[in-house]
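Thanks, everyone. Please have the sequence and the model open while I talk. I'll take the strands, then the sheets, then the pocket.

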Amino acid sequence: MDPRTFRNALGHFATGITVVTAKTSDGEPVGVTVNAFSSVSLDPPLVLVCLGTNTADIEAFTSPDSPFNINVLRDDQAEISTLFAKRDREKFDTTPWSEASNGVPRIDGCLAHLECRLASVQDGGDHLILIGRVEETAYDSAGQPLLYFRGAYEKLA
């Protein structure tokens, strides 16, 4: 399988974009842009996100029972998506955020927030599949999602 052809084929599936946030053992906020996100179960409430094995500060997301948050980006938050796709340590300096009840950063203005606690980690090749138990949620019914399709940001028509 040619990796580029495989990637291009996957790009034909439109996805929403999230930023997954956590804190390091030193209390520093960390976050990464993720479009591999899905619901798993309603009872118990479980979701999954896939993080590359080379994700900066991966331990902050994969330590047993660690909290993390999923921030579903709104259609006007493409800049946040681009910023959190980088390894820049100062990304929280220019992004409005607050601390959620689980102590993890919650990006302001998002379409939805899910506060999670790590339930399990599965091997996914060059990614780790994190299963999170959702403990709290919030959402804005009036907003529109930021989408990713064929390698570019898109909005609903």
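**Strand E2 and its partners**

Let's start with one residue pair: Thr21 has Asn69 in E6 as its bridge partner. Keep in mind that this is a predicted model. The pair belongs to a ladder of 4 bridges between E2 and strand E6, residues 67-72. The two strands run antiparallel.

Now the other neighbour of E2. E2 and E3 pair over 6 bridges, again in the antiparallel sense. Look at Val20, which stands opposite Val32 in E3. These two strands make a hairpin with 5 residues between them. In that hairpin, Gly27 has a positive phi near 85°.

Is E2 covered or open to the outside? Mostly covered: this strand spans residues 18-23, and 5 of its 6 residues are buried.

Next, zoom out to the sheet. It is open, has 7 strands, and its order is E3-E2-E6-E9-E10-E5-E4. The pairing is antiparallel. Its edges are strand E3, 29-34, and strand E4, 37-41, each pairing on one side only. From one strand to the next, the twist averages 35°.

Further along that order, take E9 and E10. Strand E9 covers residues 112-124 and strand E10 covers residues 127-139. They pair antiparallel over 12 bridges. Leu118 is a good place to look, with Gly132 in E10 opposite.

There is also an open sheet of 3 strands. Its order is E1-E11-E12, with antiparallel pairing. The edges here are strand E1, 15-16, and strand E12, 152-154. Each of those edge strands pairs on one side only. E1 is joined to strand E11, residues 147-149, by 2 bridges. One contact to find on screen: Thr15 has Tyr148 in E11 as its bridge partner.

Last topic, the pocket. What volume does the largest pocket have? About 1,700 Å³. Its lining has 50 residues. Nearest the centre are Arg7, Thr33, Asn35, Ala36 and His127.

Which elements give two or more residues to that lining? They are helix H1 (3-10), E1, E3, E4, strand E5 (46-52), helix H3 (78-84) and E11. So keep E3 and E4 in view, the edge strands of the 7-stranded sheet.

For those of you setting up calculations, here is the make-up of the lining: 23 nonpolar residues, 17 polar and 10 charged.

That's the tour. Over to you.

Terms used:
Residues are numbered from 1 along each chain as its sequence is written. This is a predicted model: local features need pLDDT of at least 70, side-chain atom pairs count only at pLDDT 80 or more; totals for chains, interfaces and linings use all residues. Side-chain values use heavy atoms; hydrogens and water are left out. Two strands pair if DSSP finds at least two bridges between them. Axes are lines fitted to C-alpha atoms, for helices over the stretch in contact, and angles run from 0 to 180 degrees between N-to-C directions. Buried means under 20% relative accessible area, exposed over 50%, partly exposed in between (1.4 Å probe, protein chains only). On a 1 Å grid over the protein atoms alone, a cavity is a set of points where a 1.4 Å probe fits but cannot get out, and a pocket is an open set with protein on both sides within 12 Å along at least five of seven lines; lining residues have an atom within 4 Å of a point. Grid points are joined across faces, edges and corners, and a volume is the space filled by probe spheres set on the points. Ala, Val, Leu, Ile, Met, Phe, Trp, Tyr, Cys and Pro count as nonpolar, Asp, Glu, Lys and Arg as charged, and the others, Gly among them, as polar.
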